[in-house]
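User: I have a new model open and want a quick tour. Can you walk me through it?

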Amino acid sequence: MRRPLFSSAVMLVSVLSVLFVTGCDRREQKVEDIPAVQGSLLANGKVPAVSPEGAAALKEMILNISFVKMYEGLFRDATKKMSGEDLEKMRDNIEVIGEFDVIPGRDYYDVTFPHAIKLNIPEDEQKNGVTSATLFLNYALKVRPTGDPAAFRVEFVENLKPVSVSLHTAEGDYEVFVVTHEKGGEPFKAMWHNDLQSFVQMTGALPNVTATLDIPDFLRKPGDDVDHLSVKIGYVSSDARMTPDANNLWSGPYNAAMDNIVIELPEKVGDISILKLAVVQTLEKINPTAYKNFYQFYDDMMSKMSEGTHPEDLSTEYVTQMLTAYKNLLVDGFEKMDMSLKLSDISTRLNKTPSNPAEVKKFSLDEAEAIYNVSGLQQNSGTIGFGYALKGLDVGLGQFKDELGGEAPQELIPQNIKFGLQVEKLPAVSLVDYALKSLKDAPGDGENAEKALLQSPDEFLALLSEAGTSVKTDGSYIGNDIWLLLMNGATKVNKDAVYKAEGQTEIRFYGLDYLMQALDQRLKNPETSPIAAQAVQQAAGGLGMLQMFGQQKKDDQNRDYRSYVITIAPEGTVQMNGTDMTQMMGMMH
């Protein structure tokens, strides 16, 4: 059965996304089935019976999920400049096989999707003998209503080959992309909350998931090594278990992991392996009502964007509505979020180098982590933190003797890095109120709105200053087995200060003397390459200045370090260890 191009494309994008799983809320149609209850609707609400009417409502709800409408708008925007003839030609060449449908069962709904989308290439546009291409999609769901009319339990119907792409020629068919997994593991089960436009629960695991790309010879140019790429994952798992309290505020862990990841690059290029990738999140008191109200405005805004409206074309009135929606989300949306993304035991093997295509180069990293946290925005005294860390970095300088003409200065290369910033006492609600106040009397379009927001920076700084907003960098470091730079400090906004800020940061340099000794030995080593020797001499000069200006101290564990305390005073003086920085710069020159 053929469908219009527009519907086909939207369905393709929708099916490919796992968030496409289930329902949009028609609370006004179902609320009469839900009696007043004490505590959580999920636990105590009346579950509506499965029915043809419910199936029709669920089908429409799926098509109105926020991100589905966003992709629909993007597709519309991408094709709006095409002529009617070209659009009709595209429609004629796309064939959707199978149906998107919702069928009522005994106590659940069967949700089916098109299982293939075929593109027939016109004869005058065919290249390399390819006459058509087919995307096979093998997805199906079982969806059950709950006592909460916005929440649906979802079971994923297992398919060992959920996605593949084939090219068709007169000589035969070529499967160029395929995703597979083995039987076993734990079936994926989830709960979709339509007000939040996301899953609130998902548990399950798949063993040995593989995605493979094979490019046939007839599509490759002479000398092209890109013939094969695969990603193999030993185990994919999810453990998201958010639950509501008596006020229907959702909290809980939201975790996922991939174990034993191997990325096989094209032949003669190399491969990448990662022992584990883990995402650990904790969400506290997420408010579905606030998110539902926000998404109603968000969908309208995305619709305007897809129709070609640029941000600067938005009226001041509309920008005011947008900021109000974001303010309401800040005030009522959530209490706290913490997130960590960690990769463990990463190794890379590259077979190609400019001088020797057959030589193997290896690089490794014990651990990489990115973190993010936010809390307290509801109380108008928020904390927002982010950072990253790299541990056990080995860039493999010892492998580049031939390229460098000798040994490299590994003493200078860091093995461990950590950096983090934390903004504290952020008056987020007051800042949005300030923006709304600035816009209130700004006439016209987005350009005037922008000018209104930027016209009073002093008032903006005054809000931060009165709230005591500060930025901290505690525990940031960089170093290796010989040396370590450790930074701890805080800078506070002060509207009356010359630089609008005041604060103090201490940088500790551990192992500076040992590093200088190691560099001296490196320069005396006849195996050191000329390029490395030049880099070492330049570094030694700068390190010598740091030796001169640093104060020798000991920490609580009796370890020696040189201290550099940098102070920014309200009157505008910048000092290091009590000495004006201007004078120190003069001494350096």
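Analyst: Here is a short walk through the fold, its cores and a few single residues.

User: Start with the basics. What kind of model is it, and what average pLDDT does the protein chain have?
Analyst: This is a predicted model. The protein chain averages a pLDDT of 85. Of its residues, 84% score at least 70.

User: Where is the pLDDT below 50?
Analyst: Over residues 1-35. In the model, that stretch still has 103 contacts beyond near neighbours in sequence.

User: How many helices and strands in the protein chain?
Analyst: The count is 15 helices and 27 strands.

User: And what share of the 589 residues is buried?
Analyst: Buried residues make up 39% of the protein chain.

User: How much of the contact set comes from residues 24 or more positions apart?
Analyst: Take the contacts with a separation of 6 or more: residues 24 or more positions apart account for 65% of them.

User: On to the interior. What is in the largest nonpolar core?
Analyst: It has 29 residues. Trp250, Ile286 and Leu323 have the most contacts inside it.

User: Which elements give two or more residues to this core?
Analyst: They are β15 (270-286), α7 (288-306), α8 (316-332) and α10. Helix α8 gives the most, with seven residues.

User: What about a second core?
Analyst: A separate one has 24 residues. Among them are Leu58, Ile65, Val154 and Ala240.

User: Switch to strands. How do β17 and β18 pair?
Analyst: In the antiparallel sense, over nine bridges. Strand β17 covers residues 361-375 and β18 covers residues 382-391. The two form a hairpin, with six residues between them. In the turn, Gly376 has a positive phi of about 75°.

User: Which residue stands opposite Asn373 in β18?
Analyst: Gly385 does. Gly385 also has a bridge partner in β19, namely Gln422.

User: And how do β18 and β19 pair?
Analyst: Antiparallel again, over eight bridges.

User: Now helix α12. Which of its residues are buried?
Analyst: Ala462, Leu464 and Ser465, in a helix that runs over residues 457-467. They cover an arc of only 165° around the axis, so they sit on the same side of α12.

User: What covers the buried residues of α12?
Analyst: The cover includes β19 (416-426), α10 (428-440) and β22 (484-493). So β19 turns up twice here: it helps cover α12, and it pairs with β18. Helix α10 also comes back, as one of the elements that give two or more residues to the largest core.

User: What happens just after α12?
Analyst: Gly468 takes a positive phi of about 75°.

User: Which residues have a positive phi without being a glycine?
Analyst: Asn208 is one of them, at about 50°. Asn260 is another, at about 55°.

User: Where is each one found?
Analyst: Asn208 is in strand β11 (residues 198-214). Asn260 is in strand β14 (residues 250-264).

User: Why does Asn208 count as partly exposed?
Analyst: Because its relative accessibility is 34%, which falls between the 20% limit for buried and the 50% limit for exposed. Asn260 counts as partly exposed too, at 44%.

User: Next, Ser132. Buried or exposed?
Analyst: Buried, because its relative accessible area is 5%, and the cut-off is under 20%. Ser132 lies in strand β5 (residues 130-137).

User: What does Ser132 touch, not counting residues up to four places away in sequence?
Analyst: Ser132 touches Lys118, Leu119, Asn120 and Ile121. It also touches Ser166, Leu167 and His168.

User: Last one, Gln552. Where is its place?
Analyst: In strand β24 (residues 551-554). Gln552 counts as partly exposed, at 44% relative accessibility.

User: Which residues is Gln552 in contact with, leaving aside neighbours within four places in sequence?
Analyst: Asp560, Tyr561 and Arg562. With Arg562, the side chains are joined by a polar contact of 3.1 Å.

User: What separates the C-alpha atoms of Gln552 and Tyr564?
Analyst: A distance of 9.6 Å, for two residues that are twelve apart along the chain.

Notes. Residues numbered from 1 in each chain as written. Predicted model: local features only at pLDDT ≥ 70, side-chain atom pairs only at ≥ 80, totals over all residues. Heavy atoms only, no water. Buried < 20%, exposed > 50% of the residue type's maximum accessible area, 1.4 Å probe, protein only. Helix = DSSP H or I, 4+ residues; strand = E, 2+ residues; numbered from the N terminus. Arc of directions from axis to C-beta. Contact = heavy atoms within 4.5 Å. pLDDT = per-residue confidence, 0-100. Polar contact = N/O pair within 3.5 Å; in protein donor to acceptor, adjacent residues only side chain to side chain. Pairing = 2+ DSSP bridges. Core = buried A, V, L, I, M, F, W, Y, C linked by side-chain atoms within 4.5 Å.
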